[in-house]
Structure formats: C-alpha cells, structure tokens
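Colleague: I would like a close look at how one part of this model is put together. Could you choose the part and explain each term as you go?

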Amino acid sequence: MSLSHDIRFGRLTEVAIADLATHMSDPRLREHMPLLKGPWGETEARAFVAAKEACWARDSLGHWAFFAGERYVGWGGFQKEGSEWDFDLVLRPQDFGLGVCITRQALEFARREPNIPYVTFLLPPSRRRLAALTRLGARACDPVQCAGMSFLKFCLKTES
C-alpha cells in the first residue's frame, strides 16, 4: 500500500532481521514497552515476524512495516485482541516525528474496513504525552491488564 508523505506500508518480511533486532533492542523503546523482556536478537526477531505473519493468515490483517521511501522507520498496525482491533505503532527513535502521519493513514485504512467499527490503543502508564490521541478523537476507557501489566486504554470509532 503506497501512501502520501512518501510513507509506504509493507510487510515485516521486507525488513532485514538484523534491523528489527536492532530496533527492538533500543533502550528508548524498551522504556515504554513493559511486555518486552530480555534481550532481542535475530532469533526473537524471526519469531516476531512469524507471529505477525500468522495474524495476517488468521485475520487477513495485521502489523505492517513502515517505510519512508525505502528506509525502514518502524512497525505497527492492527491486531485482533478478542473482538477488538488494537492499533500499535513502534517507530525507530529517529523517526518518532512520523507517528501522527502514519497513524492518520492507518486510521484512514480502518475507516474503509467495515469489520473495524472502532480501534483501541493500549499504552503503558509511562506514556505521558497523550494529546495526539485526543486530537484524533480517541476517548479514554478503563485501564486494562495484559500479561499482568496495567495499560491505559483509548477507543476511537471508525464508522461514520
């Protein structure tokens, strides 16, 4: 899928395993990813890609790799959690500024999908800057537990 701002959504299989391992090993990311435990090497990156590809096979939708031109900038997208579609966005620190653009384009995609009436965003309590979600129209919901960790939850309707 090719989108404006020279942002392209591709598959995680297009990203070099070493690049994913380096990305997910960055301590600036790990600070806000409480479920990310232990070292992240090529073995973990391969298992991650396989798990995300399994979501595509099961749900016909999943996580993308994001590219600015041909440069990998991060990953994210929609993953089915029970009956809800959760949106994740994990950018490389040098590409954090692309977050709003990528999120808006992903939400445009969700609005065209009749099986996605709303999306959820789960954020660790360490995330303090939440104004962008409010500007997108997301509303705070009750916090949730995931793998024994507490997360802030926001919901955004995508149907008109």
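Modeller: Two strands pair if DSSP finds at least two bridges between them, and strands are DSSP runs of E with at least two residues, numbered from the N terminus. With that in hand, let us look at the sheet. Please keep in mind that this is a predicted model, in which local features need pLDDT of at least 70, side-chain atom pairs count only at pLDDT 80 or more, and totals for chains, interfaces and linings use all residues. Residues are numbered from 1 along each chain as its sequence is written, and side-chain values use heavy atoms, with hydrogens and water left out.

How many strands form the sheet, and in what order do they stand? There are seven, and they form an open sheet in the order β1-β2-β3-β4-β5-β7-β6. The pairing is mixed. Two strands stand at the edges: β1 (7-10) and β6 (139-146). Each of them has a single partner strand, so one side of each is left without a neighbour in the sheet. From one strand to the next, the twist averages 30 degrees (axes are lines fitted to C-alpha atoms, and angles run from 0 to 180 degrees between N-to-C directions).

Now follow that order across the sheet, beginning at the β1 edge. Strand β2 covers residues 63-68, and four bridges join β1 to β2. These two run antiparallel. To find the pairing on your screen, select Gly10: the bridge partner of Gly10 in β2 is Ala65.

Next to β2 in the order comes β3, which takes in residues 71-81. Strand β3 pairs with β4 in the antiparallel sense, over eight bridges. Here a good pair to look for is Glu81, which stands opposite Glu84 in β4. The two strands make a hairpin with two residues between them. Zoom in on Gly82 in this hairpin, because there is a detail of the backbone to see: Gly82 takes a positive phi near 65 degrees.

What about the direction of β4 and β5, parallel or antiparallel? These two run parallel, and two bridges join them. Trp85 is a handy marker for this pairing, since its bridge partner in β5 is Val119.

Strand β5 is made up of residues 118-123, while β7 is made up of residues 149-157. Between β5 and β7 the sense is antiparallel again, with six bridges. If you select Phe121, you will find its bridge partner, Phe154, in β7.

That brings us to the other edge, where β6 stands. Six bridges join β6 to β7, and the two run antiparallel. One of the pairs to look for is Arg139 with its bridge partner in β7, Cys155. Like β3 and β4, β6 and β7 form a hairpin with two residues between them. In this turn, Ala147 has a positive phi of about 50 degrees.

To trace the whole part once more, start at β1, pass through β2, β3, β4, β5 and β7, and finish at β6. On the way, you will meet the parallel neighbours β4 and β5, and antiparallel neighbours including β6 and β7.
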